[in-house]
Amino acid sequence: ADLNSRPLFDAMWMAGLFVGVLAVIPQFWLISRTSGSIEALTSHFIATMALSRVLSGVFMWHARWDITCQPWAQGYNHAVWAILGAHLMHLLLLGDFAYFYAKGIATRGLGAALEVSSLDTLV
């Protein structure tokens with residue numbers, strides 16, 4: 001993506017986006033190996049990161065016309081779809097967690113540990 005006409009920094013930003021998406025996989029693996037129980041603050045952190053990705057995705061959707069790249073295929077801006085695809089993949093990975101988080105908050109409140117017994121099917 002050509003966000004500031006600096007290829008090195010653009011590549012580093014894009015790599016950081018992709019690594020951030022993959023970073024949730026070890027977190028879910030650890031959660032599934034610890035009997036599916038998450039401390040309240042840890043669950044709030046993961047939920048906050050999901051909200052951050054939602055807001056970032058909305059911003060990138062609205063900014064998609066401003067993102068340019070040197071096309072690999074003529075007339076196709078692959079950078080926009082890579083960025084939006086990474087955001088979508090992150091949200092798909094967090095979807096199962098979001099369900100259990102919302103359910104836990106509604107039934108037990110903000111201070112209770114979160115039980116995510118079927119999260120291990122994701123990993």
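# Helix packing and a nonpolar surface patch

Helix H1 has 16 residues and reaches 23 Å from its first C-alpha to its last, close to the 22 Å expected at 1.5 Å a residue. The model is a predicted one. The points below cover helices H1 and H3, a nonpolar surface patch, and two residues of helix H4, His90 and Asp96.

**Helix H1**

- Asp10, Met14, Leu17 and Val21 are the buried residues of H1.
- These residues lie on the same side of H1, because they cover an arc of only 55° around the axis.
- Packing against the buried residues of H1 are H2, H3 and H4.
- Leu8, Val19 and Leu22 are exposed and sit on the face of H1 turned away from its buried side.

**Helix H3**

- Helix H3 spans residues 40-62.
- Its 23 residues reach 33 Å from the first C-alpha to the last, close to the 33 Å expected at 1.5 Å a residue.
- The buried residues in H3 are Ala40, Ser43, His44, Ile46, Ala47, Ala50, Arg53, Gly57 and Met60.
- The cover over the buried residues of H3 includes three helices, H1 (7-22), H2 (24-33) and H4.
- Strands E1 (37-38) and E2 (114-115) are also part of what covers the buried residues of H3.

**Nonpolar surface patch**

- A nonpolar patch on the surface is formed by Leu51, Val54, Leu55, Val58 and Leu91.
- Together, the residues of the patch have about 410 Å² of accessible area.
- Helix H3 gives the most to the patch, with 4 residues.
- Leu51, one of the patch residues, is found in H3.

**His90 in helix H4**

- His90 belongs to helix H4.
- Its relative accessibility is 3%, so His90 counts as buried, the limit for buried being under 20%.
- Not counting residues up to four places away in sequence, His90 touches Gly20, Val21, Val24 and Arg53.
- Two of these contacts are themselves buried: Val21 is among the buried residues of H1, and Arg53 is among those of H3.

**Asp96 in helix H4**

- Asp96 is placed in helix H4, which runs over residues 78-108.
- Asp96 counts as partly exposed because its relative accessibility is 24%, and partly exposed lies between the limits of 20% and 50%.
- Asp96 and Ala63 are 33 residues apart along the chain, and their C-alpha atoms are separated by 28 Å.

Conventions
Residues numbered from 1 in each chain as written. Predicted model: local features only at pLDDT ≥ 70, side-chain atom pairs only at ≥ 80, totals over all residues. Heavy atoms only, no water. Buried < 20%, exposed > 50% of the residue type's maximum accessible area, 1.4 Å probe, protein only. Patch = residues over 30% accessible without salt bridge, like charges linked within 9 Å, V, L, I, M, F, W, Y side chains within 5 Å. Areas by Shrake-Rupley, 256 points an atom, 1.4 Å probe, with all protein chains shown as cover. Salt bridge = Lys/Arg side-chain N within 4 Å of Asp/Glu carboxyl O. Expected span 1.5 Å × (residues − 1). Contact = heavy atoms within 4.5 Å. Arc of directions from axis to C-beta.
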